[in-house]
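Please open the model in your viewer and keep the sequence panel beside it. The stops below are meant to be selected in turn, with a short account of what is to be found at each.

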Amino acid sequence: STFRYYFYLIHKTHSLASMSETKTNAMREIKVDKLILNCCVGESGDRLTRAARVLEQLTGQQPVFSKARYTLRSFGIRRNEKIAVHVTVRGEKALEILERGLKVKEYELLQKNFSDTGNFGFGINEHIDLGIKYDPTTGIYGMDFFVCLTRPGARVARRKIRQGRIGFNHKITKEDSIKWFQDKFEGVVLAKEA
C-alpha cells in the first residue's frame, strides 16, 4: 500500500505540472479596450472640418469636437472654441488601425510612451502614411494614437449594482503593457530617444 500511495503521489504531481504548462488563466489575458485618435488643430473653422473628414475617412465613424478649456491669447484660442477632433474605436477595427499606426513607427516605441496604468500612446506626423490617399484640398494632418488596455473583469468597477474595486494584482502595470506590445506586435521598446 505504501508503494501504491507513492505511485499516486508521483502521478498527481506529474499531472499538476503538465496542467500548469498547458493551462493559462483566461482572466489574465490583456486585450485592447479602445483606441482614441486625436487630431488637435488649434483653431476652429475650415482646417478643423477637414481634420474631422480625415478621421471619418480613417475610421468610418462620426468624430467628436473638443473645446478649449480657457482663453490663451498667445495661442490665439478662446474659451469654448472648438480646437480639436477625436474619435474612439473599439474591437477589430481598433486593432487594424493600431497596426497601421505602428507600421508607420516601424514598431518602435519609447519607454516614456507607456503610462504607469498600463496604457500607451504615440503620434504620427502625416496621416497619408496610414494608407489614405493624399488630397490637395484636405492637406496633411498629424494625429495622436492612445491605446487603453484591459483585462476581463474590469466591468466590476464600472457597473451600477454591486460595484467593486479591481484588485491590485489584476491591474495592468507598465511592465505588463510593454510585454504585451512586444509579444503581440514583436515591437521594440527603446529606453530613450537617440
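**A tour from the pocket outwards**

Begin with the largest pocket of this predicted model, which holds about 360 Å³ of space. Select Thr117, Leu149, Ile166, Lys171 and Ile172, the residues that lie nearest the centre of the largest pocket among the 17 that line it. If you then colour the lining by class, you should find seven nonpolar, five polar and five charged residues. Which strand gives the most to this lining? The answer is strand 6, with three residues.

Stay with strand 6, which covers residues 143–150, and move along it to Thr150. Is Thr150 buried or exposed? Its relative accessibility is 11%, and because buried means under 20%, Thr150 counts as buried. Show the surroundings of Thr150, leaving out the neighbours within four places in sequence, and the residues in contact with it are Glu29, Ile30, Lys31, Asp33 and Ile172. Ile172 is already on your screen, as one of the residues nearest the centre of the largest pocket.

Next, select Asn125, which sits in the loop between strand 5 (120–124) and strand 6. In contrast to the previous stop, Asn125 counts as exposed, at 70% relative accessibility. Draw a distance from the C-alpha atom of Asn125 to that of Gly142: the two residues are 17 apart along the chain, and the separation in the model is 4.2 Å. Once the neighbours within four places in sequence are set aside, Asn125 is in contact with Ile140, Tyr141 and Gly142.

Now turn to the enclosed space. How many cavities of 30 Å³ or more does a search of the whole structure find? There is one, and the largest cavity holds about 30 Å³ of space. To display its lining, select Val54, Gln57, His127, Ile132, Lys133, Asp135 and Thr138, a set that divides into two nonpolar, three polar and two charged residues.

Keep Gln57 selected from that lining, and follow it into helix 2, which spans residues 46–59. Although Gln57 is among the residues lining the largest cavity, it counts as exposed, with a relative accessibility of 53%. A C-alpha to C-alpha distance from Gln57 to Ile132 comes to 8.1 Å, while the two residues are 75 apart in sequence.

For the next stop, show helix 3 (residues 91–104) together with helix 4 (residues 174–185), whose axes come within 13 Å and cross at roughly 90 degrees. That crossing makes helix 3 roughly perpendicular to helix 4. Where the helices meet, select Leu95, Leu98, Glu99 and Leu102 on the side of helix 3, and Phe181, Lys184 and Phe185 on that of helix 4. The residues of this contact comprise five nonpolar and two charged, with no polar ones.

Finally, zoom out to the whole protein, in which four helices and seven strands can be displayed. Tracing the sequence from its start, you should pass these elements in the pattern α-β-α-β-β-α-β-β-β-α-β. Colouring by accessibility would mark 33% of the 194 residues as buried. A contact map gives a last view: among contacts between residues at least 6 apart in sequence, 63% join residues at least 24 apart.

Methods: Residues numbered from 1 in each chain as written. Predicted model: local features only at pLDDT ≥ 70, side-chain atom pairs only at ≥ 80, totals over all residues. Heavy atoms only, no water. Axes fitted to C-alpha atoms, helices over the stretch in contact; angles between N-to-C directions. Helix = DSSP H or I, 4+ residues; strand = E, 2+ residues; numbered from the N terminus. Parallel < 35°, antiparallel > 145°, perpendicular 65-115°, else oblique. Contact = heavy atoms within 4.5 Å. Nonpolar A, V, L, I, M, F, W, Y, C, P; charged D, E, K, R; others polar. Buried < 20%, exposed > 50% of the residue type's maximum accessible area, 1.4 Å probe, protein only. 1 Å grid on protein atoms, 1.4 Å probe; cavity = no way out; pocket = protein on both sides within 12 Å on 5 of 7 lines; lining within 4 Å. Points joined across faces, edges and corners; volume = space filled by probe spheres on them.
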